[in-house]
Amino acid sequence: MGIALLFVQVFLAAVLLGASPVRADGEMPLALDIQRVKERGTLLVSMYQRDNPPFYSMDARGQMSGFDVEIVRSFARRLGVRPVFIRTGATFDAVVDMVARGEADIAISKISRTFPRAMRVAYTKPYLKLRQALLVNRLQLAQISNGGEPEQAIRNLNGRVGVLAGSSYEQFAHQKFPHAEIVGYPDWPSLVQAVTKGDVTAAFRDEVEIKKIIKAQPEILFMLRTVVLTDTVDPIAIAVNPDDTTLLTLLNLHLDDLAITLSVDQILDGRLPLMDGAF
Amino acid sequence: MAAQKTIVQRILLSPWLIVIGAGCGVLIGLHDKPLAHTIAPFGDIYLTFLKMTVVPILISAIALNMGKLMSSGASGAYLFRLLFAFLATFTISGIIGLIVAVIGEPGNVGAEDLRLLGSIVQQGGYSPDLEMALNAPPAPPKESGFLPFLLQMVPANVFQAMASGATLQVLVFSMMFGIALGSVPRETSGSMFHALESAYRALDRLVHWMMYILPLGLCAMVAVQIASAGADIILMMMGFVGVVGACYVLMFVIGVLILWHRLKCPLGTILSELRQPLILSIATGNSMACVPSCITALHEGYRLNERDVGLLVPLGIGICRYGNVVYFAVATLFIAQLYQVDVSLIQMVFIVVGCILAGIATAGASGAVTLAMLGIVLGPLNMPLDGVLPLFIAVEPIMTPLRTFANVFLNCVVTALVSAAEDTPDEDDALEEIDPTAEGAPAE
């Protein structure tokens, strides 16, 4: 009887110990999602297909660089794994969906936090808060203003507003410009061309992209008016699978430690946050 | 005026000294920018002195001569001819601007130029054109266009208008005051006429004295102008500046020929008598400041009737900015060409009318304020101004003197065309209606 009880206890202990593995060095077990990443040795990062400096771009030798890339690298370094960038997402929704399906650990590409996406993935706190902005065709703006204030014409924008298909701005546009016809474009250069030619009255995207045009394509500025909407916010965050709660906590913790205070203009000038501190 | 001038006075007023003064200014502006800025205050003081006389001269000259005109009786036909001359010159100005701009195609620029133009438009780093809140309480509609301009032409308080230098309002008041004064019987109005006349003569004397130090003032004003003009930007806008300049040269040649035909004196005399106001116009970029000098040149140099000159010059330079009309016409086509907007013939007519209205609306304004009036033309055409305004502002340092020159010169021409000769009935049939001997006759 006594021997039988002891046997059962030993058996139970063995079963329980087997269920939560204790590492040989005696450390506490890792959370499952972190364990998965560490065992793999790589952090799978879903990233938008097209380069978008200074956030993410690949140079001629295949080296990734940029603001978002540095955030990922510093995080992976702390985790003790190597980041692998998966650049298959053709739209930002597709980039996010890779995480939702578990094909990548995190998604980062200057991704906006939106309500529909948050039903599929979990978001970190925003590491950047951009404002929404417009490139407006000056000729069409003069026409729809009809001698009045351009601000009023923009508030009641009723022409065609171009956005990147499958981007957060598709949804933002429906919110902000309910009277306008929202037209999706496959990529940013063709959208900029469309607004320059007057196919759409305005192109709607975040202030970083609008300000990049100011520097990169001054020759079209006589045709385009750059407008930043001061009372809008486009929170930029990292997406993870809703089940990877520890990964999300760690990312938030890391972003807190980075304490990014750079302004949009500084980022555009190529300044990167200090990521190699005392981590 | 002083009939006999001393040797010193003659040297000081010599055109050569004026040229030397301007030449020194150019040299200093090009080679010693700090010195140019050091002597700039002297130029400012000089210009301020000239401006000081503007409002009192406007009032005394216009009220006095309008009054004389009204009491001379022959005013109806005269005013009609005056109006016709103004309108005709306005229309011709607009049409010349349009034609030269259509031929010159200043807005038809290449891709490389567009890039440079764009970088001028956007000089402020990453700052967008407009930062606005999407959800804001609707602002009260800002009045713009020609109607509010008309409404503010009449001063609610004429002393306030004088004190704040609202040229146009002062002009309107002086005209109305002069008309009213002319209808008052001479025994009552005589003392007022005398007071106005002595005020005018004293101010005229003041301006005369200022002319003795014109070479020095000129040197300082030109030096700082040259020193602060950005050559690179002007080079980029060369097409636009060139077309406007070509219009002015064309109108200058026509104007000189008209003066030649009208005054029947040698070309050399025509030009040398106008040298002071014309040089002043370029040096100051302020057409009102040239009024006294214009009156002197036309009256003493061209021997034109003082009453006509004293009325037409301040009135014309104040209201009839022909140079601005040309400028607006070219600028409108420049913008249309830049944006590749096709302008129909009917729209051209519209542009001419709009430019004339905008030109009148610039009355009393000077410098870059003038540019804002371009909105009067562009608004109804649904063409944007804000995108290209920085380009126009960039070339203002060179455009302001040119426009002022055209305004002053063309007003001299129109004045010479409409004015009677000094104290001799003119043989030109158009001028027979005004009989200078009727001057001073009671209205009734």
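Two strands pair if DSSP finds at least two bridges between them, and strands here are DSSP runs of E with at least two residues, just as helices are runs of H or I with at least four, numbered from the N terminus. Welcome to a predicted model, in which local features need pLDDT of at least 70 and side-chain atom pairs count only at pLDDT 80 or more, while totals for chains, interfaces and linings use all residues. Residues are numbered from 1 along each chain as its sequence is written, and chains are lettered from A and ligands numbered from 1 in the order in which they are written.

**The sheet**
- An open sheet of 6 strands runs in the order β10(A)-β9(A)-β11(A)-β8(A)-β12(A)-β1(B), and its pairing is mixed.
- At the edges sit β10 (181-185) of chain A and β1 of chain B, each pairing on one side only.
- From one strand to the next, the twist averages 30° (axes are lines fitted to C-alpha atoms, for helices over the stretch in contact, and angles run from 0 to 180 degrees between N-to-C directions).
- Inside chain A, β9 (residues 160-164) and β11 (residues 202-206) are parallel partners, with 2 bridges; A:Gly162 has A:Ala203 as its bridge partner in β11(A).
- Helix α10 (residues 207-216) of chain A packs on the sheet and touches β8, β11 and β12 of chain A, its direction making about 115° with that of β11(A).

**Where the chains meet**
- Strand β12 (residues 224-229) of chain A and β1(B) run parallel and are joined by 3 bridges.
- Within that pairing, B:Glu131 of β1(B) is the bridge partner of A:Val228.
- The contact between the chains takes 34 residues from chain A and 31 residues from chain B, where two residues are in contact if their C-beta atoms, placed from the backbone, lie within 7 Å.
- On the side of chain B that touches chain A, α6(B) gives the most, with 7 residues.
- That side of chain B divides into 18 nonpolar, 8 polar and 5 charged residues (Ala, Val, Leu, Ile, Met, Phe, Trp, Tyr, Cys and Pro count as nonpolar, Asp, Glu, Lys and Arg as charged, and the others, Gly among them, as polar).

**The domains of chain A**
- Chain A is divided into domain 1 (10-128 + 236-268) and domain 2 (132-232), with bounds that come from an automatic or database domain assignment.
- Taken over C-alpha atoms, the centres of these two domains of chain A are separated by 32 Å.
- Each of the two domains of chain A brings 10 residues to their contact.
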